[in-house]
Amino acid sequence: MLHDHLDGGLRPETIVELAAACGYQKLPTTDPAKLGIWFREAADSGSLERYLETFAHTCAVMQTREGLVRVAAEAAEDLAADGVVYAEVRYAPEQHLEGGLTLDEVVEAVQEGFRIGEANARANGDRIKVGTLITAMRHAARSQEIAELANRHRDTGVVGFDIAGAEAGFPPTRHQAAFDYLKGENNHFTIHAGEAFGLPSIWEALQCCGADRLGHGVRITDDITVHDDGTVTLGRLAAYVRDKRIPLEMCPTSNLQTGAASSYAEHPIGLLTRLKYRVTVNTDNRLMSGTSMSQEFAHLIEAFGYDLDDMQWFTVNALKSAFLPFDERLAMINDVVKPGYAELKAEWLFGSSS
Ligand SMILES: O=c1[nH]cnc2c1ncn2[C@H]1C[C@H](O)[C@@H](CO)O1
Ligand SMILES: [Zn+2]
């Protein structure tokens, strides 16, 4: 899985405990069950801007070293317990400086947390590897500094860079210098594009900035015409994205909440999968969407009738598109994903014996 926000995946009980520890008093409720529901409902706003407002509460309790280590460790554990074997988890270090930590200290704390979470998952009989993406906020003006931060930590598990936040009014080229810098360093980046804004955002992300992948990218369907007889005509940009195998980090439930799609059945992932785009399935924000990787798959199975072969295809697509060295991606596909799905298919055919 390639698209999961650290500050969008906290356990509600952890938010309540960290808020008490750091004296944050603005939580809408301190009942963990109610808080989980509150996040889901508040994020169900139909607009990306309103959806993003909910992150004020999660970021507020992620301002100390201890808070960051814990949140990162729990994210790795929760993803592993759900069956995720490789996750790229992202967050914006610039949003975690209010307690006096430096950008580098924030990154070090989160990296430590991921390593602890991976070890705890192993102890529970799960296995997961977490790669970190460092995000710069697109409304801010720190992307060059944040890109340099990501590059500085690339040998300790920071595998790439991203920009996130409100898309309309903040085109990717606002951060051109950061992307040029990363290209000069032969580093990797993805860009949230084609979520709350359409084709120009996707075009800029690819053709000006040189993004390796697209965060969401759902609006690429604006460049695809489906005719009455089911045949399809691709515009030049839609053809480019498919021909170049540009990975699409799709997050169905998040898109329903922000209004980027109107139902699972009508979500562009159905058409794009049929057309064999390099589609991947992701959670975006497990807390705000009340979701998990297995739930996202379950929604797609229900909407489109996908089976285990389709799940495997999405999973292999994700690993092919990961910002990991090629040999590690290949090993994970051949030694983990394919045998894992073979086991699931055997269980499904013959019934579970264990
Ligand atoms: O889906 C999203 N689109 C744009 N920005 C997002 C999305 N989900 C989370 N973010 C923002 C809010 C977080 O505070 C930030 C860093 O993880 O990224
Ligand atoms: Zn996102």
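Student: What makes both faces of β2 count as covered?
Tutor: Look at the residues on each side. Tyr86, Glu88 and Arg90 sit on one side, Ala87, Val89 and Tyr91 on the other, and all are buried. A residue is buried if 20 or more other C-beta atoms, placed from the backbone, lie within 10 Å of its own; 12 or fewer means exposed, and anything in between is partly exposed. Strand β2 spans residues 86-91, and six of its six residues are buried. In a regular strand the side chains alternate between the two faces of the sheet.

Student: What kind of model is this, and how are its parts labelled?
Tutor: The model is predicted: local features need pLDDT of at least 70, side-chain atom pairs count only at pLDDT 80 or more, and totals for chains, interfaces and linings use all residues. Residues are numbered from 1 along each chain as its sequence is written, while chains are lettered from A and ligands numbered from 1 in the order in which they are written.

Student: Which strands does β2 pair with, and how do you know that they pair?
Tutor: Count bridges. Two strands pair if DSSP finds at least two bridges between them. Strands are DSSP E runs of at least two residues, helices are H or I runs of at least four, and both are numbered from the N terminus. Strand β1 (residues 4-5) has two bridges to β2, in the parallel sense. Six bridges join β2 to β3 (residues 129-137), also parallel. Both counts meet the minimum of two, so both pairs qualify. Two residue matches show the register: His5 stands opposite Arg90, and Ala87 has Val130 of β3 as its bridge partner.

Student: Why are β5 and β10 called edge strands?
Tutor: Start with the order. The open sheet of four strands runs β5-β6-β9-β10, with parallel pairing. Strands β5 (190-193) and β10 (279-281) each have a single partner strand, so one side of each lacks a neighbour in the sheet. Neighbouring strands here are turned by 30° against each other on average, direction ignored.

Student: What joins β5 to β6, and what lies across them?
Tutor: Four bridges join β5 to β6 (residues 213-216), and the two run parallel. Thr190 stands opposite Arg213, and Ile191 opposite Leu214. Helix α9 (residues 199-208) lies across β5 and β6, at about 170° to β5. Helix α14 (residues 308-321) also packs on the sheet, touching β6 and β10, with its direction at about 105° to that of β10. Angles run from 0 to 180 degrees between N-to-C directions, and axes are lines fitted to C-alpha atoms, for helices over the stretch in contact.

Student: Which way do the residues of β5 point, and are they buried or exposed?
Tutor: Thr190 and His192 point one way, Ile191 and Ala193 the other, and all are buried.

Student: How would you describe the directions of α1 and α5, and on what value?
Tutor: Helix α1 (residues 12-22) packs on α5 (residues 65-81) at about 175°, with axes 11 Å apart. Under 35 degrees is roughly parallel, over 145 roughly antiparallel, 65 to 115 roughly perpendicular, and the rest oblique. The value is over 145, so α1 and α5 are roughly antiparallel. Thr14, Leu18 and Cys22 of α1 meet Gly67, Arg70, Val71 and Glu74 of α5.

Student: What makes Cys208 partly exposed?
Tutor: Cys208 has 14 other C-beta atoms within 10 Å. That count falls between the two cut-offs, so partly exposed it is. Cys208 belongs to α9. Beyond neighbours within four places in sequence, its contacts (C-beta atoms, placed from the backbone, within 7 Å) are Pro172, Thr173 and Gln176. Thr173 is 35 residues away in sequence, yet 6.9 Å away in space, C-alpha to C-alpha.

Student: How do you know that the "binding site" residues cluster in space?
Tutor: UniProt's unreviewed entry puts this annotation on His5, Asp7 and Gly165. They spread over 161 residues of sequence, but their largest C-alpha distance is 12.5 Å. UniProt positions use the numbering here, feature names are shortened, and annotations may be inferred rather than shown by experiment.

Student: Are Asp7 and Gly165 buried or exposed, or in between?
Tutor: Asp7 has 27 other C-beta atoms within 10 Å, which meets the cut-off, so Asp7 is buried. Asp7 sits in the loop between β1 and α1. Gly165 has 18 such neighbours, so Gly165 counts as partly exposed. Gly165 lies in the loop between β4 (158-164) and α8 (176-184).

Terms used
Two residues are in contact if their C-beta atoms, placed from the backbone, lie within 7 Å.
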